[in-house]
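Grab a pencil and open the model in your viewer. The exercises below each come with a worked solution, so try the task before reading on.

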Amino acid sequence: GNNNLNAKLVLLGDMGAGKSSLVLRFVKGQFIEFQESTIGAAFFSQTLAVSDATVKFEIWDTAGQERYHSLAPMYYRGAAAAIIVYDITSTDSFAKAKKWVQELQKQGNPNMVMTLAGNKADLEDKRKVTTEEARVYAEENGLFFMETSAKTAINVNDIFHEIAKRLPRA
Ligand code: GTP
Ligand code: MG
C-alpha cells in the first residue's frame, strides 16, 4: 500500500542535554563540540525508510532553557512522536525529563510514541543516572528507552528508526 507517512516529532528536555546535537547527528551526520543553546525552537526534516514505509520526520528541536517552557505546547501539540532527552551525567536533567513525561501524559496526544533518550552515553566515567533506573522508569511509564551519544553516533539512527517502526500505519 501507500505507506508514505509524515510524522511530526518533537524533542524536549533540559538545556544542554543534547537535543540539537542528536538532531544534527541524525540529519547531517555531524557533531559540534560547542553547539549553541537553541533559541525558541528549530525545524528540520529527514526521511527514513523502514521495512514497510517511508517516514518523513518533521522535527521540532525545542529550547530547553526554562524561559521557553511555555512555548513547548505549540511544538508537542499534534506530534506523532516525542523524544525526551536527558544527559546521563546529570541527575537534574533526568528529573527534568520526568517532568516532561508528566506534562506529555497530561496534555499530549494520547497516541504519541514517546521515547526516552539518555544522551552523552560516551561519558561513562561521569555517569550519574544508571541505565537500570532509567530503564525501570521508562518501563513503568510505557516509554521506549535507549541510551545515545550524539558525539559517537551510538544509537542515534536507531532511536529514530525504532520510532518510525512504532508509528501507527495509515
Ligand atoms: P538547549 O538548546 O539549550 O536546550 O540544549 P540542547 O539540549 O540542544 O543541547 P546541545 O545539543 O546544544 O548540547 C549541549 C552540549 O553538550 C554541547 O556542547 C554538545 O557538544 C554537548 N553534547 C551533546 N551531545 C553530546 C554527547 O552525546 N556526548 C558528549 N560528550 N557531549 C555532547
Ligand atoms: Mg538545542
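Let's warm up with a backbone detail: just after helix 1, Gly29 takes a positive phi of about 70°. Keep in mind that this is a predicted model.

**Exercise 1. Work out how enclosed helix 1 is, and by what.**

Step 1: list the buried residues of helix 1. They are Lys19, Ser20, Ser21, Leu22, Val23, Leu24, Arg25 and Phe26.

Step 2: set that against the helix length. With 8 of the 10 residues buried, helix 1 is largely enclosed by the rest of the structure.

Step 3: look for the packing partners. The buried residues pack against strand 1 (4-13), strand 2, strand 3 (53-62), strand 4 (81-87), strand 5 (113-119) and helix 5 (156-166).

**Exercise 2. Find the protein donors of the magnesium ion (ligand 2) and say which parts of the chain they tie together.**

Step 1: pick out the donor atoms. Ser20 offers OG and Thr38 offers OG1, lying 2.0 to 2.1 Å from the ion.

Step 2: place them in the chain. Ser20 sits in helix 1 (residues 19-28), while Thr38 belongs to the loop between helix 1 and strand 2 (41-50), so the pair links parts that are 18 residues apart in sequence.

Step 3: check the exposure. Both Ser20 and Thr38 are buried.

**Exercise 3. Lay out the sheet: give its strand order and name its edges.**

Step 1: write down the order. This is an open sheet of 6 strands, running 2-3-1-4-5-6 with mixed pairing.

Step 2: read off the ends. Strand 2 and strand 6 (144-147) are at the edges with a single partner strand each, so one side of each has no neighbour in the sheet.

Step 3: add the twist. Ignoring direction, neighbouring strands are turned by 25° against each other on average.

Step 4: go through two of the pairings. Strand 1 and strand 4 run parallel and are joined by 5 bridges, with Leu9 partnered by Ala81 in strand 4.
Strand 4 and strand 5 also run parallel, joined by 7 bridges, and here Ile83 has Thr115 as its bridge partner.

Step 5: put helices on the sheet. Helix 1 touches strand 1, strand 2, strand 3, strand 4 and strand 5, and its direction makes about 150° with that of strand 3. Helix 4 touches strand 4, strand 5 and strand 6, making about 160° with the direction of strand 6.

**Exercise 4. Is Thr115 buried or exposed, and what is it in contact with?**

Step 1: find its element. Thr115 is in strand 5.

Step 2: check the strand. 7 of the 7 residues of strand 5 are buried, and both faces are covered: Val113, Thr115, Ala117 and Asn119 on one side, Met114, Leu116 and Gly118 on the other.

Step 3: zoom in. Thr115 has a relative accessible area of 0%, so it counts as buried.

Step 4: name the contacts. Setting aside neighbours within four places in sequence, Thr115 touches Ala82, Ile83, Ile84, Phe144, Ile159 and Ile163.

**Exercise 5. How are helix 3 and helix 4 arranged relative to each other?**

Step 1: get the geometry. The axes of helix 3 (residues 91-107) and helix 4 (residues 131-140) come within 12 Å and cross at roughly 5°.

Step 2: classify it. Angles under 35 degrees count as roughly parallel, and helix 3 and helix 4 are therefore roughly parallel.

Step 3: inspect the contact. Phe94, Lys98 and Val101 of helix 3 meet Glu133, Ala134 and Tyr137 of helix 4. The contact residues divide into 4 nonpolar, no polar and 2 charged.

Conventions. Residues numbered from 1 in each chain as written. Chains lettered and ligands numbered in written order. Predicted model: local features only at pLDDT ≥ 70, side-chain atom pairs only at ≥ 80, totals over all residues. Heavy atoms only, no water. Donors = N, O, S within 2.8 Å, 3.2 Å for Na, K, Ca; no water. Helix = DSSP H or I, 4+ residues; strand = E, 2+ residues; numbered from the N terminus. Buried < 20%, exposed > 50% of the residue type's maximum accessible area, 1.4 Å probe, protein only. Axes fitted to C-alpha atoms, helices over the stretch in contact; angles between N-to-C directions. Parallel < 35°, antiparallel > 145°, perpendicular 65-115°, else oblique. Contact = heavy atoms within 4.5 Å. Nonpolar A, V, L, I, M, F, W, Y, C, P; charged D, E, K, R; others polar. Pairing = 2+ DSSP bridges.
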